[in-house]
Amino acid sequence: MVAFSGVPAMELKWLDDYIALIETGSFSAAAQRRHVSQPAFSRRIRMLEDWLGVTLIDRSRKPLQFTPVARDNQIAFRNMVARIYEFRAMLKSASLDSGGITIAAQHTLAASYMPDFLARLRQLDPNQSFRIRSENRTESIAILMRGEADILLTYDSAQFPCHVPEAFAQRHVLGQDDMVLVAAPKLHRRLARVSEGEPVPMLCFPPESFFGQLIRAEVLPALMRRQQVVVRCVSEFAMSLRELALTGEGVVWLPASLVRQDLQSGALHKLGRLGDPVPMDIVVFFATLDGGRADHLRRRFMRQGEEGKASAAAG
């Protein structure tokens, strides 16, 4: 392809060649990295120089030397190439999203449960693309209700239900998780012998959050009647509270699925003496209004669940 000026149109591979030259500092090493012969590589660098209208390499000096204009603009070259590839990736992603399925997921489940859930969906449709939106429970439900998500993955409880209308989405229980009271080893040893009325450092969820409401309704009042609860930190993010718990900052109720490996490794220990576990359902909602883009997955998913129940009953 030739430009109107008579100079060949610039090719992206020339810029990739030049970046390789910057990074290796050698024509032979850069040519090897780019899987071309050194003469062909040198020609492509000259073609880039011709297209730019500037000299990048001082060929009168050995070893390789870049000209001042080349040295001064090395970062600009790198950024330009990076932006081109980022733009291409963004376009590809947008193209996939147009036919993709959006899953809104509660933060904790996006980290702990989503990989297994996605694997299950991919068994049903290996070629389907997905977009994950991780939010708090309230916003995740709102995203589904606004039609911005096709699937909702969240926690649910009888006391604090999701209130997604049956006509809007089909609900399916995937399993159960428990909020368990945990502490780091040193703090656990101390609190294992704590007397009634003595202080207990606590890490908490905000009272308006789902986890905060659940803990305050189910177990926190009993602990506060027995002990002097000292709130050390409040955060809506379970992952943040987990990190603080690992450092011994305080005790905290966290989803068992989130701290399973910590409990197995001994980084955290359950404190059942001070607080009972709180059960929760892990549920998925498939949007059904107007058919729903995930309707084919919903039908296959539900059929798979029914077949599993039939097999278990027969066994």
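Start by colouring the charged side chains: the chain carries 39 positive and 34 negative ones, and the centres of these two sets lie 6 Å apart. Keep in mind as you go that this is a predicted model.

**The whole chain**

Now zoom out to the full C-alpha trace, which spans about 85 × 50 × 40 Å along its principal axes. The radius of gyration is 29 Å, whereas a compact globule of 315 residues would have one near 20 Å. Switch to a cartoon and you will find 14 helices and 9 strands. If you turn on the surface, its accessible area comes to about 17100 Å², with 52% belonging to carbon and sulfur atoms. Of the 315 residues, 42% count as buried. Among contacts with a separation of 6 or more, 73% join residues 24 or more positions apart.

**The cores**

Next, select Phe117, Leu121, Ile151, Leu153, Met179, Val251 and Trp253. In the largest nonpolar core, which has 58 residues, these seven touch the most other members. Strand E4 gives the most to this core, contributing 6 residues. Apart from it lies another core, of 20 residues; pick out Trp14, Tyr18, Ile22 and Phe27 to see some of its members.

Which residues surround Trp253? Leaving aside neighbours within four places in sequence, Trp253 is in contact with Met179, Val180, Leu181, Met202, Phe205, Ile215, Val219, Leu220, Leu223, Gly275 and Asp276.

**Helix H13**

Move along to residues 256-265, helix H13, and show the side chains of Ala256, Ser257, Leu258, Val259 and Asp262, which are buried here. An α-helix has 3.6 residues a turn, so residues three or four places apart point the same way. To see what the buried residues of H13 pack against, display these elements:

- helix H6 (107-112) and helix H12 (238-246)
- strand E3 (151-156), strand E4 (169-183) and strand E7 (252-255)

Then step just past the helix: H13 is followed by Gly266, whose phi is positive, near 90°.

**Phe168**

For the last stop, select Phe168, in the loop between E3 and E4. Is Phe168 buried or exposed? Phe168 counts as buried because its relative accessibility is 14%, below the 20% cut-off. Bring up Leu144, Met145, Phe286, Ala287, Thr288 and Leu289 too, since Phe168 touches them, not counting residues up to four places away in sequence. Finish by drawing a distance between the C-alpha atoms of Phe168 and Phe286: they are separated by 8.6 Å, with the two residues 118 apart along the chain.

Notes. Residues are numbered from 1 along each chain as its sequence is written. This is a predicted model: local features need pLDDT of at least 70, side-chain atom pairs count only at pLDDT 80 or more; totals for chains, interfaces and linings use all residues. Side-chain values use heavy atoms; hydrogens and water are left out. Buried means under 20% relative accessible area, exposed over 50%, partly exposed in between (1.4 Å probe, protein chains only). Helices (H or I, at least four residues) and strands (E, at least two) are DSSP runs, numbered from the N terminus. Contact means heavy atoms within 4.5 Å. The radius of gyration is taken over C-alpha atoms; the globule rule is 2.2 Å times the number of residues to the power 0.38. Accessible areas come from the Shrake-Rupley method with a 1.4 Å probe; for residues, only the protein chains shown count as cover. Lys and Arg count as positive and Asp and Glu as negative; His and the chain ends are not counted. The place of a charge is taken as NZ of Lys, CZ of Arg, CG of Asp or CD of Glu. A nonpolar core is a set of buried Ala, Val, Leu, Ile, Met, Phe, Trp, Tyr and Cys residues joined through side-chain atoms within 4.5 Å.
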